[in-house]
Structure formats: structure tokens, C-alpha cells
Amino acid sequence: SASRPFRRTVRRSLTAGAAALVAATALPAAPASARSTTQQHVLLLSVDGMHQVDLARYVVDHPHSAFASLLRRGEGFSRAQTPLPSDSFPGMVGQVTGGNPKTTGIYYDVSYDHALLPAGTADCSGSPALGAAINDDESADLDNSRLDAGQGLSGLPGSILAMTGTPVSLLNTASFPVDPATCKPVLPHAQLRVNTVFEVARQHGLRTAWSDKHAAYDILQGPSGGGIQDLFTPEINSDTGEGTDWTGDNAKTQQYDGYKARAVLNQIDGLDHSGAHHVGTPALFGMNFQAVSTAEKLPSSGGQPGGCAADGQTPGPVLARALAFVDGQVGALLDELKSQHLDKSTTVILSAKHGQSPTDPAALLRIPDGPILDGLDSAWAASHPGAAPLVASATDDDAMIVWLSDRSAAAAAFVKSYLLGHDGTGNDIHGNPRAYQASGLKTVYAGKDAAAFFGSAAGDSRVPDLYAVAQHGVVFTGKKGKIAEHGGADPQDRDVPLVISGPGIGHGSSHAIVETTQIAPTILQLLGLDPRSLRAVQLEHTAVLPRSDK
């Protein structure tokens with residue numbers, strides 16, 4: 001998701017009525033006989049923002065790179081797609097559950113639930129008004145200005161590897177919505193409706209670890225809250241002490257990613273992420289990289305332009321350095337696996353939570369979305385005197401995602417008509433005025449059509465009441481803001497790399513259309529576990545990735 005200087009617009013939430021929260025619990029352990037007799041490790045890497053075309057071009061230009069090595073030792077999928085919305089939370093959740101938002105209940109990191117009570121609710125008796133924002137980003141930290149999310153370590157940033165491996169302790173519980181049945185905050189892991197690969201691995205006595213960008217990635221623990229034994233989550237949107245957060249300067253993002261890569265190197269060596277304790281190499285572990293994503297978003301960094309060159313394909317200087325950095329870090333991980341004699345027993349899976357659009361600077365159309373939503377509420381108030389503001393919550397990156405205080409068909413039609421009838425002026429890559437039509441939107445799904453778009457049940461408390469696909473190149477931000485984003489349905493948001501590399505993996509390239517949700521059952525199969533141990537696999541019939549070695 002976006003960095004603090006370039007955050008999406010998020011509207012203040014209002015209350016609204018809906019049905020009860022659906023919760024899931026971890027499945028019981030499969031019998032030990034389901035395990036393979038061969039012990040294996042799976043290292044999962046997510047290069048956020050990377051496109052399949054980025055990987056293909058890099059390998060051609062750098063045939064001796066780590067990325068090229070992964071492809072030589074494995075199989076690449078040239079037509080892999082992320083879930084919709086193509087955002088960090090649903091993207092990562094999909095990789096470890098096998099499910100899309102309709103099943104997982106996770107549509108975005110900043111979202112809304114019509115069945116929960118607002119954060120801070122202390123009295124749940126009677127019939128309080130339902131409807132609450134869910135903020136699973138840096139705002140959930142005890143202190144999001146600190147790299148350790150408020151743990152209180154001295155000597156930051158150099159001491160960050162001493163950060164706790166149980167970051168649920170660093171979440172501000174008062175910032176989360178409240179379950180009306182228990183009158184207790186609903187933490188990220190409890191928001192997930194299905195179990196995760198980490199939970200299945202733990203049920204079979206396997207060690208697990210993961211590194212990501214916010215403490216709210218506690219969600220990957222799964223409903224049990226205990227899927228990951230070593231979860232390292234330094235806060236990426238914290239203050240570097242140099243007037244920006246770790247995403248505001250790509251060199252700082254690389255430094256940040258380096259901490260997480262060091263944690264994984266320690267884990268390969270059989271230590272915990274801090275390097276202080278011998279615990280054994282995890283059977284399932286990995287991390288996400290942010291450097292490519294911020295290099296694509298930043299208008300400039302270090303005095304050089306971000307994103308792609310004018311041809312819309314060749315990486316500019318900041319992005320080229322970010323790709324080389326990640327390749328170097330991946331190379332270091334591969335070297336360490338070999339050094340520890342784990343290369344013959346470890347499968348590496350490389351993909352991305354999301355892509356990014358637009359890649360062509362000339363296609364960029366920045367639109368401030370705040371005035372659009374304010375105008376929508378004003379129009380609603382004019383025609384519905386005394387009614388609550390219609391927009392209960394909204395999160396807009398390169399799609400428009402809205403939850404409404406009124407979930408009626410009439411309200412859905414009103415919103416759709418207003419947005420498609422609104423024209424205005426945004427700005428281009430140079431900050432010059434550029435007109436837009438239909439709020440910068442291509443297609444608007446509202447009400448029951450929005451639920452149908454996601455395949456969700458009508459009236460589901462989490463599904464957005466409106467999902468609007470933006471016109472190619474549209475990014476909802478202010479003048480001089482970010483130059484690319486994700487969260488939409490644009491092919492550049494969804495077309496990501498997917499490589500499975502390691503012993504026994506067939507070599508070559510598959511052109512079959514696959515989804516990154518298929519990573520989850522594939523991980524379990526590689527570990528000798530039953531993919532159907534995942535509830536989302538059962539519900540969606542998510543297939544193991546097709547492989548030429550099978």
C-alpha cells in the first residue's frame with residue numbers, strides 16, 4: 001500500500017447496520033501419514049510492485065543474475081495474476097490461504113465492516129449502531145513513528161533485528177473495531193475467515209517464519225493467532241530521522257529491505273530473525289521486498305526520476321537500481337542456502353503481492369478524489385435532507401472502493417450515476433492540468449453488482465458497496481503526488497511474476513493462466529502436506545500450480 005507522504009484518501013468512517021461477523025477457526029491437524037518422508041523447506045519471496053515483464057526483461061539483460069538462476073533451476077509462469085483488488089493485504093493473504101477476498105474476507109488493508117462496532121466502543125449492550133473502519137496499516141501500531149512500532153528499542157535503526165517476533169504485542173488494540181458479540185477488539189488475525197499455510201505447517205510440527213512491513217501482518221498468523229513462530233515486522237512507514245519515512249527515498253527503502261533480508265539469512269543459518277537464538281531453519285519462511293514498489297511510485301529519488309523511462313517499458317535509473325538491489329539480495333539468500341547445504345532441500349517461490357500502474361509516464365492522470373467524494377455527499381444531502389453522509393468509508397489508490405451508510409439499491413444507483421456523471425480536472429506527470437471524465441472511472445459496480453463482481457454473497461458485511469475500475473493511467477492523488485499505484489483491476493496491477501525453483505522442479509516456462517492464490521496449495525504439496533487442509537482451497541477448489549515435473 002501507499003507510503004505516508006503518498007497515502008490514499010481514506011474517509012472518516014460512520015456507522016451503518018449489517019449482519020454478524022463470520023469467523024473461522026483452524027482446521028484440525030491432518031494425520032501424520034499425510035506428510036512426505038522427505039523433509040523440505042519452502043522460501044517464499046514477494047517482490048511487491050514487480051511485473052512479469054520486469055522479470056523477463058531483467059533476465060534477458062542480466063543472464064547471470066539471481067533472477068535468471070531461479071528460472072534456470074525452475075519453472076516460470078508468464079501469465080500469473082493477483083486477486084482483486086490487487087493490493088498488498090488481499091494479495092499476500094491470497095498467497096498463504098489459497099483464497100480470494102470473497103472467501104478470506106480481506107478486501108484491503110484499510111477497509112470497513114458493516115457488522116462490527118467502531119474502535120473504542122466500551123458498552124456493547126442494547127442495540128448500538130453497527131459499522132466500523134478496519135485500519136490494518138501503520139496506524140494500528142503502538143507508535144508508528146518508530147521502526148520497532150513502539151517496542152522501545154534503543155539504538156535504532158541498527159538494533160532493529162532485536163525487534164520482537166510476536167508483533168501482536170505492538171498493536172494498539174484500541175484502534176481496532178469491536179465484535180458486538182464479545183465486546184472485544186477484532187485483531188488482524190481474527191479478521192481472517194480461513195486458515196493459512198503457516199497454521200497447517202504448525203499443526204504438523206514444522207517451524208514457520210515470515211518478515212513483512214507492518215505489525216498488522218499479524219493477519220498471516222491465521223484465525224488461531226499462532227501460525228507463525230517468528231514474525232518480523234519493522235514498520236516501513238516510520239520516521240527515518242531524515243524528514244521522511246522508509247518509502248520516501250528509495251535508498252532508504254533498500255536499507256529497510258536489507259534488515260528483513262538479514263533476518264531471513266539468519267533463519268537460513270538456523271537462527272531466529274535476530275540471530276541470537278538457535279532454533280532451526282524454518283520449513284516455511286520468507287519475506288516481501290518494497291524497493292521496487294517505491295521506485296515505481298516516487299516521482300523522483302536522489303535527484304533522479306522514478307518509474308519507467310518515456311517509452312513506458314525501460315526502467316528509469318531509480319527503478320533499475322531497485323531491481324538490481326533485490327536481485328542482489330535474492331542472490332545472497334541463494335548463496336546462503338548453498339553454504340548451509342540447504343539448496344538441495346529448499347524450493348524458492350518468487351512472486352509479488354501486486355503490480356503497479358501506469359508504467360508509461362505519459363498515461364498518468366492524477367485526480368484528487370477528496371473533492372469527488374465530498375461532492376457526492378453534498379448531492380446526497382441535497383436530495384435526502386437529514387440523512388447521514390452516504391460515504392461511510394472509502395479507500396482510493398488506482399481504483400475507487402467505497403462502503404456506504406445506506407446499502408439500499410437506490411443508494412447504489414445514486415452513487416453510480418453521480419460518479420459516472422462527474423467531470424473535472426486533474427494533472428499529468430508534469431503537474432499540468434489534464435481534464436478527466438466520469439470521475440476517471442471506466443466501470444462502476446455498485447450494490448449487488450459489486451458483490452457479484454467479487455463473487456461475494458449479497459449483503460456480506462465486508463464486501464465494498466462500490467468498486468470502480470479506473471481508466472488506465474488514473475491515480476487518485478494530489479498534484480505532484482505518486483506516479484503509479486495499485487489496488488485496481490488494470491492488467492499492470494495484476495500481471496506479476498511467479499517462479500518455482502528448486503530440486504525436482506521442471507525447467508521451462510508455462511503460459512497457462514494461473515493465480516497467485518495457487519501458491520498456497522503448492523506450498524503444502526511441496527512440504528508433503530495435504531493442500532485440502534486449507535479451508536479456502538476447499539471452498540474455491542484452488543488448484544496446485546501445474547508443473548512440468550508432474
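Student: What volume does the second largest cavity have?

Tutor: About 50 Å³, and bear in mind that this is a predicted model.

Student: Why is that one counted as a cavity?

Tutor: The count takes cavities of 30 Å³ or more, and the second largest cavity has about 50 Å³. A cavity is a place where a 1.4 Å probe fits but cannot get out. By this rule there are two cavities.

Student: What makes Asp-398 and His-472 lining residues of the second largest cavity?

Tutor: Lining residues have an atom within 4 Å of a cavity point. Asp-398 and His-472 are on the list for that cavity, which also includes Ser-357, Gln-471 and Asp-490. By class, the lining has four nonpolar, five polar and two charged residues.

Student: And how much space lies in the largest cavity?

Tutor: About 110 Å³. It has 14 lining residues, and the closest to its centre are Glu-296, Gly-307, Cys-308, Pro-358 and Thr-359. Its lining divides into six nonpolar, five polar and three charged residues.

Student: How do you know that helix 3 and helix 14 are in contact?

Tutor: Contact means heavy atoms within 4.5 Å. Gly-94, Gln-95, Val-96 and Thr-97 of helix 3 make the contact with Ile-519, Ala-520 and Ile-523 of helix 14. The axes of these helices, residues 88–97 and 519–526, come within 5 Å and cross at roughly 35 degrees.

Student: What makes Gly-94 polar in that contact?

Tutor: The class rule puts Gly among the polar residues. The contact of helix 3 with helix 14 then has four nonpolar, three polar and no charged residues.

Definitions and conventions: Residues are numbered from 1 along each chain as its sequence is written. This is a predicted model: local features need pLDDT of at least 70, side-chain atom pairs count only at pLDDT 80 or more; totals for chains, interfaces and linings use all residues. Side-chain values use heavy atoms; hydrogens and water are left out. Axes are lines fitted to C-alpha atoms, for helices over the stretch in contact, and angles run from 0 to 180 degrees between N-to-C directions. Helices (H or I, at least four residues) and strands (E, at least two) are DSSP runs, numbered from the N terminus. On a 1 Å grid over the protein atoms alone, a cavity is a set of points where a 1.4 Å probe fits but cannot get out, and a pocket is an open set with protein on both sides within 12 Å along at least five of seven lines; lining residues have an atom within 4 Å of a point. Grid points are joined across faces, edges and corners, and a volume is the space filled by probe spheres set on the points.
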